[in-house]
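Student: I would like a close look at a single part of this protein, with every cut-off spelled out along the way.

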Amino acid sequence: MTDQGTEPDSTDVVVVGGGPSGCAAAVFTARYGLETVVFDRGNAAFRRCAYLKNYLGFPAGIGVDTFTALMHEHVAEVGADYVADMVVSVERLGDDEGTDARESEPDAFDADTRRFVVHTQDSRRVEADYVVAAAWYDGDYLRGLDDDDAMFEEHDHHGEVHEHFDSDYADDDGRTPVEGLYVAAPSGDRNAQVGIAAGQGGHVARCLIEDRRRERGFPGDLAAHYDWLRADTEFQGEWGDRDRWREWFESEVPADADLDDERLAELRESYIDRAFDTRRTDHEVETAELRGIRRLVEVIGTERVLDALSDEVLADYLDGRELGGVEQ
Ligand SMILES: Cc1cc2nc3c(=O)[nH]c(=O)nc-3n(C[C@H](O)[C@H](O)[C@H](O)COP(=O)(O)OP(=O)(O)OC[C@H]3O[C@@H](n4cnc5c(N)ncnc54)[C@H](O)[C@@H]3O)c2cc1C
């Protein structure tokens, strides 16, 4: 554990930036089951927005502070750690230990060379398998992971030459030439609006998950991950039978997949376990909906919700309850 808090000093994923891109990425990686830490401090585009009018699902818009509280609560709800601290550098494990340590223990470093070490302003040091960059205004902390020429571009501002992280450094899916490093932001127009930035964060996280699954052996399209919940009815008939899923899984394995039978069976069963875990009964859906609304009200604040009700709406509601009582 670190001195500063309860967050781990080793994790699967570090997300740099707790704005819309980063929080969306964290929700996907944590829900998949990857231990995820989000660091968040520094220049933020979202905090410059006066009021959010164009995020789908909020008909009259939503305040920036309220939306931020909801995003951060969501990150916590899925089990990721949100840490208000700024990432100042990311290095390969071994690079931060110095050459002497690497020379005296080469085996230890060989085994771990693809891990990252993340350093923060408040002197935290966290090791991670994956780093998702999600800080729209900032890419300096990534210096040294690849050639500066590849990662940064120069631009002229009123006669002065500045260097910026190149928003085309990663591909559209956020993948970079550095294994394990993904970029959700800065990625140009894909961060231009809150809704699009959140979508990009989720998309990049899905690509990370797909790459991880492929590394673990899932062949072809079976590596893709869908964070879906399915109604009970989807499992009626033949699809309630694991053998039907087994048959389908086998049909999806590409002919050139290089896997022994035992490993393929393990992957198949874990795929089917995960599919069946997405099954929700009507009762579970109702319970989830009630809890979802409660959590919304808790985050927004009960008093703010009641204050927002006009006298007429409140009176109608209370009348309705009274009438309901009489009829019963
Ligand atoms: C003036 C203005 C008004 C806007 N109005 C709207 C609008 O009305 N509607 C709309 O859809 N979009 C609007 N936008 C765009 C919107 O703000 C962005 O699309 C969105 O914020 C991008 O999200 P992001 O997560 O990629 O980046 P950001 O919102 O910038 O989030 C990045 C986060 O990373 C953190 N961070 C930065 N560096 C580090 C570091 N080194 N370590 C750790 N954390 C770090 C920051 O503190 C921040 O919280 C507006 C933008 C501006 C500038």
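Student: What percentage of the 328 residues in the protein do buried residues make up? With that as background, please take me through strand S2 and its surroundings.

Tutor: Residues are numbered from 1 along each chain as its sequence is written. This is a predicted model, in which local features need pLDDT of at least 70 and side-chain atom pairs count only at pLDDT 80 or more, while totals for chains, interfaces and linings use all residues.

Buried residues make up 27% of the 328 residues, where buried requires 20 or more other C-beta atoms within 10 Å of a residue's own, exposed means 12 or fewer, partly exposed covers the range in between, and C-beta atoms are placed from the backbone. The protein has 11 helices and 11 strands, taken as DSSP runs numbered from the N terminus, with helices (H or I) of at least four residues and strands (E) of at least two.

Against that background, strand S2 covers residues 36-39 and has both faces covered, since Thr-36 and Val-38 on one side are buried, as are Val-37 and Phe-39 on the other. In a regular strand the side chains alternate between the two faces of the sheet.

On one flank, S2 pairs with strand S1 (residues 10-16) in the parallel sense over 4 bridges, pairing being counted once DSSP finds at least two bridges between two strands. Within this pair, Val-37 is the bridge partner of Val-14. The connection from S1 to S2 passes through helix H1, and this β-α-β crossover is right-handed, a term meaning that, with the strands pointing away from the viewer, the path from the first strand over the helix to the second runs clockwise.

S2 also runs parallel to strand S3 (residues 81-83), to which 3 bridges join it, and here Phe-39 stands opposite Val-83. Helix H2 (residues 64-77) completes a further right-handed β-α-β unit with S2 and S3.

Helix H1 (20-32), which lies on the path from S1 to S2, also supplies at least two residues of the shell around the ligand, as does helix H6 (194-215). That shell holds 35 residues, the closest being Gly-17, Gly-19, Gly-42, Ala-44 and Phe-46, where a residue belongs if its C-beta atom, placed from the backbone, lies within 6 Å of the molecule.

For the wider setting, the protein is divided into domain 1 (10-213), domain 2 (216-280) and domain 3 (282-327), with bounds that come from an automatic or database domain assignment.
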